[in-house]
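Grab a pencil and work through a few short exercises. Each one comes with a worked solution.

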Amino acid sequence: MKILVIEDEKTLAESILIFLKQEGFICELADHFEKANEKIEVFDYDCILLDINLPGGSGLRLLESLKKNKKGDGVLIISARNSLEDKVQGLQLGADDYLPKPFHLPELAARIHAIIRRKNSGGQNLIQIREMSIDTLGKEVSINHQRVELTRKEYQLLLYFAYNKGRVISKHAIAEHLWGDEMESSVSFDFIYTHVKNLRKKLIQAGCGDYIQSVYGMGYKFQPT
Amino acid sequence: MKLLTRYSRINSIAAIIVLVMASILYYFILRYVLIHQLENTLNVEEAEIISFVKDHGKLPEATNYRDQHTAFEEVAEPVPREYRDFRSRDREHGETKVFRELSFPISTGSKFFRASVTKSEDEMRELVFLIVLITVIVIILLLLFLYLSNRLLLRRLWEPFYRTLENIKAFNLSNKENIQDHKTGTDEFDELNLVTGSMQKRILRDYENLKQFADNASHEMQTPLAILRSKLDLMIQEPGLNESQTRQVQAMYQALARMTKLNQSLLLLTKIENNQFSKTEIFPLDQLVREKLLQFEELAAAQGVEFETELEEIPIRMNHYLADTLLNNLIGNAVRHNKKDGRIIISLREGQFRIANTGVPEALPGEYLYQRFHKGERSEGVGLGLAIVKQICDHHALTIQYSFRSPFHEFRISIP
């Protein structure tokens, strides 16, 4: 899957590229407006990460020309200007999602996966991980075709893990994903522990392998071996 | 004391002093002139008597009119010529009158006489008295007139000044229309207005710059924060991190999260001040409260904190995002600063939103409550939560009040 990262901040772009490449994406980088514009015109991408403040022009203009040319690339706006207007405007112009900086890389990966899934699926909204299948449309999880009842948070957590297979996800990233940045500061990590513990228990009871590993002091890792 | 009063007072005192002194001077000058005139009459009489003696060689007969007498008195040797005043009883009316007398030497042949011409000063005195009386009346009238006209005139003259003063009092950083610029037609006031106006503009500009700076600084901070966070996310993917490294990474995550929160809060405050949330809509507040309660349910349950609610259907006009933030902060605080198995009472009725929670057993210091970066000793937040709450309330012209009635800390927001 091809990703175009449009981001002028080199070190951040580098982190994103490393993380996404590990994920198995093919990534290209455009660090200014012109270069991004060229690449967008010539190639097709599964997803474009779009920074709004670019040297040479606004990312929103790239978005406009993308939509004018009826390109089907998924677009995820990553912006330092965490403003409602930007968000609303971006989404109105046809962006698929909006992620304000600073974000956690697993969050970014999850959002990209979600966008690509929506774009390419064509009805294919099942994630199959060994004996587990996640229906992203119906928000249902089955192990060996047996439905497992999960709470909303547990489902979100599992999907997050599924989108970040084999990665260590910090507790901070999980907290932010599950509770959003407004609540994050109120949440103690005990909640995460409880949710992970319950999820794990339910999955194992349903006959699933124990794929959720706790990484000491750091967070968790979903490793379906 | 008002300038007007002070001015009137000085003015009146000066006027009285000057006028009194002028009256006294006037009195003496008038008197001097009139006496001089009287003496002239006496001199004329003297000349007539002298010329009569020269022509006839004898004294004329003494006369005695109502207010003018001539008299002769034989003396041993010539007397000096002199004027004098004396009092004498009037024979007809029995009043004491003041007379002026000119006595001069005259001789017929070998005899020396002291001739005296006397004229009553009454008329003159009456005249002086009358004139002084009229003058005093005029002075009093003048003073009265001066006082009244000053009051009226000054009030009108100073009116632009009071207008300027009102304007300065009403000056407000968020209201840019209130710049001083009205023309008065008086140079001093025009200059005053010009100076205050440009000062107001300068203040607004400085404030604008400061806001811009805070805005830019917060935005610029996002990128390095994003870099740090991404690097940490990458770092923990590396295999073989030992326990101490793990702990340090955790601490960095923690600090970063705090910094991010801080930055977002500052940005939010700046945005509210910059009126970037001016779009308001009417929506049922009770519904939003219910949504928030669902959101916080889990957090509260973990501490054994129970919600007790009494929600009436109340529509409110607010910016939706800010209303969301307001409730987040208030309910979040109520949960976070609660005690184990505590209570939270939320009521929305009779135009009031009230949220009360158990917690520390003493009242919070009211004066610092909404101050930025002021936080309780036990608080782990960044100290901007209530500042944001206050700012949101101010922005929507809602009043918020805090009270402590053991064991409840209560925030009350009145909804118009």
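**Exercise 1.** Find the bridge partner of Ser133(A) in E10(A).

Solution. In E10(A), Ser133(A) is matched with Ser142(A). Next, look at the strands themselves: E9 (residues 132-135) and E10 (residues 140-143) of chain A pair in the antiparallel sense over four bridges. Strands here are DSSP runs of E with at least two residues, helices are runs of H or I with at least four, and both are numbered from the N terminus. Two strands pair if DSSP finds at least two bridges between them.

A word on the model: it is predicted, local features need pLDDT of at least 70, side-chain atom pairs count only at pLDDT 80 or more, and totals for chains, interfaces and linings use all residues. Residues are numbered from 1 along each chain as its sequence is written, while chains are lettered from A and ligands numbered from 1 in the order in which they are written.

**Exercise 2.** Put the sheet of chain A together, strand by strand.

Solution. Start with the order: four strands, E8-E9-E10-E11 of chain A, make an open antiparallel sheet. Now the edges: E8 (126-129) and E11 (146-148) of chain A each pair on one side only.

**Exercise 3.** Decide whether strand E2 (residues 82-89) of chain B is buried or in the open.

Solution. Count first: zero of the eight residues of E2(B) are buried, so this strand lies largely in the open. (Buried means 20 or more other C-beta atoms within 10 Å of a residue's own, exposed 12 or fewer, partly exposed in between; C-beta atoms are placed from the backbone.) Then check its pairing: eight bridges join E2(B) to E3 (residues 96-108) of chain B, running antiparallel. There, Arg87(B) sits opposite Val98(B) of E3(B).
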